[in-house]
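Good morning, and thank you for making time for this short presentation. I would ask everyone to look at the sequence and the model as they appear, and then we shall go through them together.

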Amino acid sequence: MRCPFCGYEGEGFKPEKTWRFRFYNVTRFVCPKCGGVFNYYIGVSPTGKKSEFAIRVRPRPRRSGK
């Protein structure tokens, strides 16, 4: 998995919530590096096509002190 905000790939993504949307299993994650929140979709369509992608949910929080 890869963060759509900062491009971080690795361990530590925190799942916040999981649900089903049509033929997708959707999980909301928080990036451990930048704090960006995104939904990760994975599923197989009725025609057999595998699909997985991420959609940004809200902008990453600003860091104080900058």
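**A sheet and a cysteine-containing core**

Let us begin with the middle of the sheet, where strand S2, residues 24–30, and strand S3, residues 37–44, are paired in the antiparallel sense over 7 bridges. One of the residues involved is Val26, whose bridge partner in S3 is Tyr41. Please keep in mind that this is a predicted model.

From that pair we may widen the view to the whole chain. The secondary structure consists of 4 strands and 0 helices, and the order of elements from the N terminus is β-β-β-β. The 4 strands make up an open sheet, arranged S1-S2-S3-S4, with antiparallel pairing. Strand S1, at 14–21, and strand S4, at 50–58, each have a single partner strand and stand at the edges, so one side of each has no neighbour in the sheet. On average, neighbouring strands of this sheet are turned by 20° against each other, with direction ignored.

Next, I turn to the loop between S3 and S4, where Pro46 is found. Is Pro46 buried or exposed? Its relative accessibility is 78%, and residues over 50% count as exposed, so Pro46 is exposed. Along the chain, Pro46 and Phe23 are 23 residues apart, and their C-alpha atoms are separated by 7.8 Å.

We now come to the interior. Of the 66 residues in the chain, 29% count as buried. Which residues make up the largest nonpolar core? There are 8 of them: Cys3, Phe5, Phe13, Phe29, Cys31, Cys34, Phe38 and Tyr40. As a general remark, nonpolar side chains tend to be buried together in soluble globular proteins.

Two of these core residues deserve a closer look. Cys3 lies in the segment before S1, and with a relative accessibility of 2% for Cys31 and 3% for Cys3, both count as buried. Not counting residues up to four places away in sequence, Cys3 touches Tyr8, Phe13, Cys31, Cys34 and Phe38. Leaving aside its own neighbours within four places, Cys31 is in contact with Cys3, Cys6, Tyr8, Phe13, Gly36 and Phe38. The C-alpha atoms of Cys3 and Pro32, which are 29 residues apart along the chain, are separated by 9.3 Å.

With several cysteines in view, a question follows: how many disulfides does the structure hold? The number is 0. Why is Cys6 not bonded to Cys34? The sulfur of Cys34 is the closest cysteine sulfur to that of Cys6, yet the separation is 3.8 Å, and a disulfide requires sulfur atoms within 2.5 Å, so the two are too far apart for a bond. Cys31 is likewise in no disulfide, its nearest cysteine sulfur being that of Cys3, 3.7 Å away. As for its surroundings, Cys6 counts as partly exposed, at 31% relative accessibility.

I shall finish with two values for the chain as a whole. Among contacts with a separation of 6 or more, 29% are between residues 24 or more positions apart. The chain exposes about 5,100 Å², of which carbon and sulfur atoms supply 49%. Thank you for your attention.

Terms used:
Residues are numbered from 1 along each chain as its sequence is written. This is a predicted model: local features need pLDDT of at least 70, side-chain atom pairs count only at pLDDT 80 or more; totals for chains, interfaces and linings use all residues. Side-chain values use heavy atoms; hydrogens and water are left out. Helices (H or I, at least four residues) and strands (E, at least two) are DSSP runs, numbered from the N terminus. Buried means under 20% relative accessible area, exposed over 50%, partly exposed in between (1.4 Å probe, protein chains only). Contact means heavy atoms within 4.5 Å. Accessible areas come from the Shrake-Rupley method with a 1.4 Å probe; for residues, only the protein chains shown count as cover. A nonpolar core is a set of buried Ala, Val, Leu, Ile, Met, Phe, Trp, Tyr and Cys residues joined through side-chain atoms within 4.5 Å. Two strands pair if DSSP finds at least two bridges between them. Axes are lines fitted to C-alpha atoms, for helices over the stretch in contact, and angles run from 0 to 180 degrees between N-to-C directions.
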